[in-house]
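Here are a few exercises to work through with the model open beside you. Try each task on your own before you read its solution.

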Amino acid sequence: MLVTLFRLLSKLPLSFLHAIGTAGGWLVYLLSSSYRQKLKENLTRAGYQAHLAQAVSESGKSMFELPFIWCASPQRVLRTATIENWELAQAALDAKTGVIFLTPHLGCFEIIAQAIATKTSLTALYRPPRKAALKPLIEGARGRHNLLLAPASLAGVRTLFKALKKGQAIGLLPDQVPQNGEGIWADFFGRPAYTMTLPAKLQQMSGAPLILSYAERLPFGRGYVIRFVPFKETEGHSTEQRTLAINQAMEQLIARCPAQYIWSYNRYKTPPGVAPAAVAQEPQA
């Protein structure tokens, strides 16, 4: 039933879905005190409290555009997108060393993998949904032509590494909270956040370059601009140093269109089995 509903909604114009999303975003904001508090707290912590009203609207748009992004034909979806600076990624692909695309939960991040898959094969890290009813919808939407899914497991990590060794591209969401043993505490907007170390480790093992990407949502349903940005190399090359540098790079991307980040995401949660940040970062005797 959910798949049918999404397919029906996907036939509507993107401008209409974004208009409904704006209303829906404000409805959730007004009705849910926990959502409202989390949104305000994260925006304020990052120094973007002035973008609150727009962030509420953009959050709603991010939900109501999903039927279009997931269920409309790839040709129709990609007609709404303009790609900037793809030559940066193409140069890395031509070097045959593999490419690691890093995309935060910013703008319409779901469209980026589809856009990359029109240029080259892409293997994306994927965490299966907890609700079984969502699995066929999400896997069917994300597993399109030239777009392969690697589960967030040891087998999936091996799949990603094999793709890099073949000189292919992989994609990850580095601001997604990992499970116990898969991350470290690293500052994100001035507060420790449990952060995945997988991108840093894959780069260390493969030598593949990191390329940042995000898709800015244009106003009035006019579509998206997908941008590719070089990762600025840092002096430190340890896993911890590189992981912190990736968080800082995500902050810089978010600064480009701060209202479009998913501020309601519980980025600072402590996963089960993980020592809290204050404990984990205490110096050892």
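A residue is called buried when its relative accessible area is under 20%, exposed when it is over 50%, and partly exposed in between. Please keep in mind that this is a predicted model.

**Exercise 1. A buried pair**

Task: Find the salt-bridge partner of Arg217, and decide whether Arg217 is buried or exposed.

Solution:
- Step 1. Start with the total: the structure holds five salt bridges.
- Step 2. One of these joins Arg217 to Glu65, with 3.0 Å between the closest N and O atoms.
- Step 3. Now place the two residues. Arg217 belongs to strand β8, whereas Glu65 sits in the loop between α4 (52-64) and α5 (66-71), so this pair ties together parts 152 residues apart in sequence.
- Step 4. Apply the cut-off. Arg217 has a relative accessible area of 3% and is therefore buried. Glu65, at 2%, is buried as well.
- Step 5. Look around the pair: Glu58 and Lys61 are linked with Glu65 and Arg217 in a network of salt bridges.

As a reminder of the chemistry, side chains of opposite charge can pair when their charged atoms come close.

**Exercise 2. An arginine and two glutamates**

Task: Work out which strands are linked by the salt bridges of Arg227 with Glu84 and with Glu216.

Solution:
- Step 1. Take Glu84 to begin with: its salt bridge with Arg227 has its closest N and O atoms 3.1 Å apart. Glu84 is in strand β1 and Arg227 in strand β9, so to speak distant parts of the chain, 143 residues apart.
- Step 2. Turn to Glu216, whose side chain meets that of Arg227 in a salt bridge of 2.6 Å, N to O. Here the link runs from strand β9, home of Arg227, to strand β8, home of Glu216, and the two residues are eleven apart.
- Step 3. Check the exposure. Arg227 has a relative accessible area of 19%, so it is buried. Glu84 at 36% is partly exposed, and Glu216 at 21% is partly exposed too.

**Exercise 3. The two sides of a helix**

Task: Check the length of helix α10 (residues 154-165), then find which of its residues are buried.

Solution:
- Step 1. At 1.5 Å a residue, the twelve residues of α10 should span 16 Å; the end C-alpha atoms are 17 Å apart, which agrees.
- Step 2. The buried residues of α10 are Gly156, Leu160, Ala163 and Leu164. Viewed down the helix axis, the buried residues fall within an arc of 100°, so they line one face of α10.
- Step 3. On the other side of α10 you will find Leu154, Arg158, Lys162 and Lys165, which are exposed.
- Step 4. Ask what the buried residues pack against: the partners are β2 (99-102), β3 (122-126), β4 (147-151), β5 (169-172) and α11 (198-206).
- Step 5. Finish just beyond the helix, where α10 is followed by Gly167, with a positive phi near 85°.

**Exercise 4. Positive phi outside glycine**

Task: Locate Asn85 and Phe220, and compare their backbone angles with the general rule.

Solution:
- Step 1. Recall the rule: most residues other than glycine have a negative phi.
- Step 2. Asn85, in the loop between β1 (81-84) and α7 (86-94), has a positive phi near 70°. With 31% relative accessibility, Asn85 is partly exposed.
- Step 3. Phe220 is in the loop between β8 (210-217) and β9 (224-230); its phi is positive, about 60°. At a relative accessible area of 72%, Phe220 is exposed.

**Exercise 5. A proline and a patch**

Task: Describe the surroundings of Pro178, then move to the surface and name the residues of the nonpolar patch that includes Leu27.

Solution:
- Step 1. Pro178 is found in the loop between β5 and β6 (183-188). Its relative accessible area is 4%, so Pro178 is buried.
- Step 2. Apart from neighbours within four places in sequence, Pro178 is in contact with Arg127, Gly183, Tyr194, Thr195, Met196 and Pro271.
- Step 3. On the surface, Leu27 joins Trp26, Leu30 and Leu31 in a nonpolar patch; together they have about 440 Å² of accessible area. Leu27 itself is in helix α2 (residues 14-31).

Terms used. Residues are numbered from 1 along each chain as its sequence is written. This is a predicted model: local features need pLDDT of at least 70, side-chain atom pairs count only at pLDDT 80 or more; totals for chains, interfaces and linings use all residues. Side-chain values use heavy atoms; hydrogens and water are left out. Helices (H or I, at least four residues) and strands (E, at least two) are DSSP runs, numbered from the N terminus. The expected span of a helix is 1.5 Å times one less than its number of residues. Buried means under 20% relative accessible area, exposed over 50%, partly exposed in between (1.4 Å probe, protein chains only). The arc is that of the directions from the helix axis to the C-beta atoms. Contact means heavy atoms within 4.5 Å. Patches are made of residues with over 30% relative accessible area and no salt bridge: like charges are joined within 9 Å, nonpolar side chains (Val, Leu, Ile, Met, Phe, Trp, Tyr) within 5 Å. Accessible areas come from the Shrake-Rupley method with a 1.4 Å probe; for residues, only the protein chains shown count as cover. A salt bridge is a side-chain nitrogen of Lys or Arg within 4 Å of a carboxyl oxygen of Asp or Glu.
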